[in-house]
Amino acid sequence: MNDDVPLLVIVDAANVVGSVPDGWWRDRRGAAERLRDRLAADGVPGRAGPVEIVLVVEGAARGVEAVPGVRVESAVGSGDDHMVGLVARAGGRPCLVVTADRELRRRVTELGAQVAGPRTVRP
């Protein structure tokens, strides 16, 4: 694998946003936008080297726009299925999926991805 290929970081927006009871349920789209903006500003703490960040949104957060440094993908159906598809299509590229969802973690690690919890990207 080419060392110049950036790590693909796939962030489960619903799971990360839902990990802190800060009122996110009143404005799911706004919460996803705040997460996107934090990712754009801070990247992935503790990860040296280039990264490509993909924020996967679903439900009421669909339609959040991308910003420089963060690609946003709206899952048409299941956000989990969308993230598994992203890992599957990565073609052996190093991937890190940020989620606490046990079933999603199992599915992506079977495809060779690393996993990390929401605290990786959320204070």
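This is a short tour of a predicted model, stop by stop.

**Stop 1: the main core**

Start with Val9, Val11, Leu35, Leu39, Leu55 and Val121. These residues have the most contacts inside the largest nonpolar core, which has 23 residues. Now colour the elements around them. Strand E1 (7–12), helix H1 (13–17) and helix H2 (28–42) each supply at least two residues of this core. So do strand E2 (51–57), strand E3 (70–74) and strand E4 (95–98). H2 gives the most, with 4 residues.

Keep Leu39 selected and show its neighbours. Setting aside residues up to four places away in sequence, Leu39 touches Val11, Ile53, Leu55, Val70 and Val121.

**Stop 2: a second core**

Next, pick Ile10, Val56, Leu104 and Ala113. They are among the 15 residues of a second core, separate from the one at the previous stop.

**Stop 3: Val70**

Go to Val70, in strand E3. Is Val70 buried or exposed? Its relative accessibility is 2%, so Val70 counts as buried; the cut-off for buried is under 20%. Display its contacts beyond four places in sequence: Arg36, Leu39, Ala40, Ile53 and Leu55. Then draw a C-alpha to C-alpha distance from Val70 to Glu52. The two residues are 18 apart in sequence and 7.3 Å apart in space.

**Stop 4: Ala41**

Move to helix H2 and select Ala41. With 64% relative accessibility, Ala41 counts as exposed. Add Pro68 to the selection. Ala41 and Pro68 are 27 residues apart along the chain, and their C-alpha atoms are separated by 9.6 Å.

**Stop 5: helix H3**

Select H3, residues 79–89. How many of the 11 residues of H3 are buried? The count is 8, so H3 is largely enclosed by the rest of the structure. The buried residues are Gly79, Asp80, His82, Met83, Val84, Gly85, Leu86 and Val87. Show what surrounds them. They pack against strands E1, E2, E3 and E4, and against helix H4.

**Stop 6: H3 against H4**

Add H4, residues 102–110. Two packed helices are described by the angle between their axes and the distance between the axes. Here the axes come within 9 Å and cross at roughly 15°. H3 and H4 are therefore roughly parallel to each other, since angles under 35 degrees count as such. The crossing of H3 past H4 is right-handed.

Now show the side chains of the contact. On H3, pick Asp80, Asp81, Met83, Val84 and Val87. On H4, pick Leu104, Arg107 and Val108. Colour this set by residue class: 5 are nonpolar, 3 are charged and none is polar. Leu104 also appeared at the second stop, as a member of the 15-residue core.

**Stop 7: Gln114**

Finish on strand E5, residues 114–116, which holds Gln114. Its relative accessibility is 43%, so Gln114 counts as partly exposed. That class lies between the buried cut-off of 20% and the exposed cut-off of 50%. Which residues does Gln114 touch, leaving out those up to four places away in sequence? They are Arg47, Cys95, Leu96 and Val97. Last, draw a line from Gln114 to Gly49. They are 65 residues apart in sequence and 16 Å apart in space, C-alpha to C-alpha.

Methods. Residues numbered from 1 in each chain as written. Predicted model: local features only at pLDDT ≥ 70, side-chain atom pairs only at ≥ 80, totals over all residues. Heavy atoms only, no water. Core = buried A, V, L, I, M, F, W, Y, C linked by side-chain atoms within 4.5 Å. Buried < 20%, exposed > 50% of the residue type's maximum accessible area, 1.4 Å probe, protein only. Contact = heavy atoms within 4.5 Å. Axes fitted to C-alpha atoms, helices over the stretch in contact; angles between N-to-C directions. Parallel < 35°, antiparallel > 145°, perpendicular 65-115°, else oblique. Left-handed = near helix turned anticlockwise from the far one by under 90°. Nonpolar A, V, L, I, M, F, W, Y, C, P; charged D, E, K, R; others polar.
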